[in-house]
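This report introduces a protein model to a reader who has not met it before. Please consult the sequence and the structure as the text proceeds.

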Amino acid sequence: MDATEYEETYVEGIEEIEDDVDRSFKRFKSFRVLQYPPHDHQFRHKQRLCSWILSATRFGEHANPRSSFSKKIKKDWETLAAVFSDHSSIFVTTYESRIDLMRVCIAGLEGTPYCYGLFFFDIFFPPEYPAKPPEIFYHAPDFDLSPSLHQDGSVSLNLLNLNQWYKFRFGGKQQSWNPEQSDVSRVLLSIQRLILNDKPYLNESISFVCSSKERSSKYNNEVFMSSCEAMLVMLRFSPGDYRYFVLGHFRKRAHRILLIYKDQMLKHKGDNGMKQLFFKLVKAFESNGAYCQHHCSKAEVEQLNREIEDGGFSMEEYSE
């Protein structure tokens with residue numbers, strides 16, 4: 001599955017009753033324009049420095065038609081709407097009253113330890129845009145998921161730097177922000193392809209990358225488990241304007257997520273921590289409206305409870 005393919009996954013033979021979450025999820029567009037930004041947007045209270053900027057950050061009769069800022073933002077909107085189709089794994093929300101703000105959700109792709117996880121970013125376009133790159137804030141879920149995504153909300157990505165130099169790493173290079181060529185769609189694709197990729201350890205130090213394949217595999221599994229832990233948090237606390245989308249996403253992807261998780265458990269047999277987290281996911285997905293009982297038979301539950309009894313964990317607390 002690539003960045004433009006994001007097909008829905010259903011459990012065959014199971015009929016599910018559609019509710020508000022399902023209907024809202026189906027109507028959710030990969031690019032949409034709302035009137036106002038949400039109250040929890042990181043840059044909502046960002047100071048605009050003069051009346052010209054105020055007029056430049058609105059469309060309609062109050063907009064400054066000669067503003068290069070407005071023209072660039074409008075062009076970016078058109079590009080985003082075209083690049084990210086309705087079945088994209090990148091979802092963009094813009095705001096008519098504040099065209100200098102944007103919120104983006106990026107879904108992890110299969111084949112990566114981030115598969116089907118959701119990552120939220122708030123974006124602010126400074127008045128000098130595109131002469132200056134946009135500012136990005138990452139909504140961190142209190143888990144270390146990547147060396148490039150920090151708990152303070154910052155994102156390490158060369159494309160967000162204006163410095164006209166290249167960073168060489170392992171014989172490759174990453175281009176910095178170019179006002180004449182760069183745009184926000186490239187930034188979002190770079191986050192997905194360079195940060196949320198299948199080899200997140202490449203963002204670590206050279207000494208780590210040069211270590212054993214076994215250690216790299218262990219690192220990927222740790223990131224995968226942290227990503228799954230973040231799913232549990234996301235089901236409870238998610239950005240307000242994406243709430244139904246988050247619930248619908250995990251309801252429809254639950255079956256596939258659990259199948260992938262089972263495959264990981266086979267590769268890391270004897271890891272009680274993985275078994276505990278698996279039970280948590282099953283319970284959380286069931287509570288969210290997904291059918292998951294076939295992933296945990298009664299015999300499996302009893303066997304797994306016996307195996308991890310010494311660890312002080314019981315399935316009973318997740319099956320009430």
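Within the predicted model, Ile90 has Ile106 in β3 as its bridge partner. Strands β2 (residues 90–95) and β3 (residues 101–107) run antiparallel and are joined by five bridges; two strands are taken to pair if DSSP finds at least two bridges between them. Strands of a sheet pair through backbone hydrogen bonds, either parallel or antiparallel.

Two helices pack on the sheet to which these strands belong, as the table sets out. A contact means heavy atoms within 4.5 Å. Axes are lines fitted to C-alpha atoms, for helices over the stretch in contact, and angles between N-to-C directions run from 0 to 180 degrees.

| Helix | Strands touched | Angle of directions |
|---|---|---|
| α3 (residues 68–83) | β1, β2 and β3 | about 140° with β1 |
| α7 (residues 243–267) | β2, β3 and β4 (118–124) | about 155° with β4 |

The sheet itself is open, with five strands in the order β1-β2-β3-β4-β5 and mixed pairing. Because β1 (31–34) and β5 (135–138) stand at the edges with a single partner strand each, one side of each has no neighbour in the sheet. On average, neighbouring strands of this sheet are turned by 20° against each other, direction ignored.

Helix α3 also meets helix α4 (residues 184–195): their axes come within 9 Å and cross at roughly 45°. The two helices are therefore oblique to each other, where angles under 35 degrees count as roughly parallel, over 145 as roughly antiparallel, 65 to 115 as roughly perpendicular and the rest as oblique. On the α3 side the contact involves Asp76, Thr79 and Leu80, and on the α4 side Val184, Ser185 and Leu188. By class, three of the residues in this contact are nonpolar, two polar and one charged. Nonpolar covers Ala, Val, Leu, Ile, Met, Phe, Trp, Tyr, Cys and Pro, charged covers Asp, Glu, Lys and Arg, and polar covers the others, Gly among them.

Overall, the protein has nine helices and seven strands, which are DSSP runs numbered from the N terminus (helices H or I, at least four residues; strands E, at least two). Of its 320 residues, 50% are buried, that is, under 20% relative accessible area with a 1.4 Å probe, protein chains only.

The average pLDDT (the predictor's confidence in each residue, from 0 to 100) is 80, and 74% of the residues score at least 70. Over residues 164–172 the pLDDT is below 50. Where pLDDT is low, the predicted coordinates should not be read in detail.

Residues are numbered from 1 along each chain as its sequence is written, and side-chain values use heavy atoms, leaving out hydrogens and water. As this is a predicted model, local features need pLDDT of at least 70 and side-chain atom pairs count only at pLDDT 80 or more, whereas totals for chains, interfaces and linings use all residues.
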